[in-house]
Amino acid sequence: NDAEIWEFDDKFNGNELLYAIMINRTRKRIILSFRGTVSSKDLKIDARMVFRGFERIPKFDGKAVKVHTGFGDYLFDHNFSVAGKVKYDMIVENLKEIYSTRDECG
């Protein structure tokens, strides 16, 4: 397989992979992967089971996409930002860059 990790984030606490963007040229796939629950703190956040819409996420089939609040906070909270960019913006920028170089990516 001709695959590579394009981007990843382990900056939140330095020892956990939080998300990764991978390209598999052989299968012509882009994979955006987020880690699951790994700590008691994660479990407490997961247990809240509150979903809400975030206005930055595009609608799907004319309806707002609802996201688990803890996950949405990670994507949009400026406490997790780098150089003024929230995680959502960084992920979208990477996906746009991959798309713009799709001939090189396969």
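Here is a short walk through this predicted model, from a hairpin to the nonpolar core and a buried lysine.

Let's start with the strands. β2 and β3 form a hairpin, with four residues between them. The two strands run antiparallel and are joined by six bridges. If you want a landmark along the pair, look for Met22, which stands opposite Ile31 in β3. In the turn, Lys28 has a positive phi of about 55°.

Tyr19 belongs to β2, which spans residues 19–24, and its surroundings are worth a look. Leaving aside residues up to four places away in sequence, Tyr19 touches Glu7, Phe8, Asp9, Leu32, Ser33, Phe34, Tyr74, Met90 and Ile91. Tyr19 is also one of the residues that touch the most other members of the largest nonpolar core, together with Ile57, Leu75, Phe76 and Tyr88. That core has 15 residues. β2, α2 and α3 each supply at least two of them, and α3 gives the most, with four.

Now turn to helix α2, residues 69–76, which is mostly covered, as six of its eight residues are buried. These are Thr69, Gly70, Gly72, Tyr74, Leu75 and Phe76.

Finally, move on to α3, which covers residues 87–100 and includes Lys87. Why does Lys87 count as buried? Its relative accessible area is 4%, and the cut-off for buried is under 20%. Beyond residues up to four places away in sequence, Lys87 touches Asp9, Tyr74, Leu75, Phe80 and Val82. Two of these names may look familiar: Asp9 and Tyr74 are also among the contacts of Tyr19.

How values were computed:
Residues numbered from 1 in each chain as written. Predicted model: local features only at pLDDT ≥ 70, side-chain atom pairs only at ≥ 80, totals over all residues. Heavy atoms only, no water. Buried < 20%, exposed > 50% of the residue type's maximum accessible area, 1.4 Å probe, protein only. Core = buried A, V, L, I, M, F, W, Y, C linked by side-chain atoms within 4.5 Å. Contact = heavy atoms within 4.5 Å. Pairing = 2+ DSSP bridges.
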